[in-house]
Amino acid sequence: MAADRTPGSRFMPGTRPEESDDMALVGRIARGDSAAFAAFYDRHASQVLGLLFKMLRRRAEAEEMLQEVFLQVWREAERYRAGGSTPRGWVFMLARSRAIDRLRSSSARRRREEATAAPAGSGVPSAVAPAGPERLEERERRRRVADALAELPPEQRTAIEHAFFGGLSHREVADRLGEPLGTVKSRILLGMRKLRRSLEAS
Amino acid sequence: MSTADRHRVVEELLPAYALGAADEGEVRRVEAHLAECEGCRGELAAWQGSTEALAASAEPMEPSPGVRERLLAEVSGGARPERSDAAPSRAPFRIAAMIALAALALAALGWSTLGQRALRDEVGALETQVAELETRLARADTELARSRSELRSAEAVLALLAGSSPSRDVLLAGLEAAPNSRGRLIVDPDHRRAVFLAGRLPPLEEGRVYQLWSLKDGQPASAGVFEAVADGTAIHVVEDVPEEAPDAWAVTIEPEGGVPSPTGPMVLMG
């Protein structure tokens, strides 16, 4: 994914405490500390698996990829720089790029159609038990995002979800939805602006 | 386009870029501009905050305990290549430490000479065991990798056979050595992958295999070796099909393991 290579420094007014914990953990992982790795896994695995499952729609495949993603964390922790994103954002990005690669492979093409035909957020009946004890704050944060998404006009939300969870480009979203390219671009732009404003306000 | 215009265009592309929805040309334009615009780099970081929130909006799912166990086993077994000097020695080290302790305990019991000899034997036996376990582990890893790649091949074959990927077909006819043999190669040019199916191949002598070749400007390039089942049918997946369509494809009979350029009789060509 392109954002992966983004140079630039993140301006962080008020780093959240769990973020600095994560930074410390990643620093220790980079030095080969497997206890720090276990702690980092415990903090984020269920959320990363949630994202992978939402994208791939196959639990076994998502779990296999979860393992690959965390192995990559172990191997590449020393390459993580507190520049582009938070450690959690970095892991999400690793997970998302892998999932996109998988979605782009031919055997998964049909599945992607299934997945995006019932776009995310429309409440996939989950065949799995929800996560165990989740930190309250985490749940609260997720609720805020869900609210912000729910406030978007449906066509903007759909375009954003196809792009993000389906791993589709502007043009592919346009093809999928049968809408003109320009329309899709502006829906994504307007939707993202609105999403950011509501997230920043909450 | 003026610098200010470029800036405005890129600013509007940043959300899509952070989302991963920007097309190739857009990505290039954004990245060129980011390199020289600090304001946009800051903006991008803010957009990445929104995409991170989006990623975290997925309902969390508790992974099976096996994933954690496998990961921890792997990281304490030296999965990080640059640390392979330190980590893998851990298990033998632990055994060595146990033996040293046992030696101390035995010495304390006044069992020195007898104990030492017994210990030496024990150390030898343990070392053999460790070596054997290591070999077995390495073999298991290879097997796992092979199963994974077989699974991937199977998926590729299914996708091609089901016609869900765009493909082109090449028919191969039997030559003098095997006039009844037939072959069909289904190529998926997008993924540079192909499935080769053959029927009525003649049985091979011990130590011989079939090898598939692509021919371009008279130059053969190996596309892998395969064997046929008893009734002479074979299925073979080709990865890394040459980007430029070859002039022809051929199958020859070669020594086990294959050869860099064809030496044996040609059985199929098309």
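How much area do chain B and chain A bury between them? I began there, keeping in mind that this is a predicted model. The two chains bury about 5,900 Å² between them, and carbon and sulfur atoms account for 58% of it.

**Entry: who touches whom.** I looked up the contacts next and found 59 residues of chain B in contact with 71 residues of chain A.

**Entry: charged and polar pairs.** I found a count of six salt bridges between chain B and chain A. I picked out one of them, in which the side chains of A:Lys185 and B:Glu26 meet at 2.5 Å, N to O. I also noted 15 residue pairs in polar contact across this interface.

**Entry: the chain B side.** I asked which helices of chain B each supply at least two residues of the side that touches chain A. They are α1 (3–19), α2 (24–34), α3 (38–55), α4 (65–76) and α6 (112–161). The largest share, 14 residues, comes from α3(B). I sorted the residues of this side by kind and got 29 nonpolar, ten polar and 20 charged.

**Entry: the cores.** I turned to the largest nonpolar core, which has 77 residues. A:Leu66, A:Phe70, A:Val73 and A:Ile188 touch the most other members. Helix α2 (residues 34–56) of chain A gives the most to this core, with twelve residues. I followed A:Ile188 further: leaving aside its neighbours within four places in sequence, A:Ile188 is in contact with A:Ala159, A:Ile160, A:Ala163 and A:His170, and also with B:Ala16, B:Leu19 and B:Ala21. Apart from the largest core I found another, of 21 residues, including B:Leu185, B:Tyr210, B:Trp249 and B:Leu268.

Key:
Residues are numbered from 1 along each chain as its sequence is written. Chains are lettered from A and ligands numbered from 1 in the order in which they are written. This is a predicted model: local features need pLDDT of at least 70, side-chain atom pairs count only at pLDDT 80 or more; totals for chains, interfaces and linings use all residues. Side-chain values use heavy atoms; hydrogens and water are left out. Contact means heavy atoms within 4.5 Å. Buried area is the accessible area (1.4 Å probe) that two parts lose on being put together, summed over both. A salt bridge is a side-chain nitrogen of Lys or Arg within 4 Å of a carboxyl oxygen of Asp or Glu. A polar contact is a pair of N or O atoms within 3.5 Å; within protein, one must be able to donate a hydrogen and the other to accept it, and residues adjacent in sequence count only if both atoms are side-chain atoms. Helices (H or I, at least four residues) and strands (E, at least two) are DSSP runs, numbered from the N terminus. Ala, Val, Leu, Ile, Met, Phe, Trp, Tyr, Cys and Pro count as nonpolar, Asp, Glu, Lys and Arg as charged, and the others, Gly among them, as polar. A nonpolar core is a set of buried Ala, Val, Leu, Ile, Met, Phe, Trp, Tyr and Cys residues joined through side-chain atoms within 4.5 Å. Buried means under 20% relative accessible area, exposed over 50%, partly exposed in between (1.4 Å probe, protein chains only).
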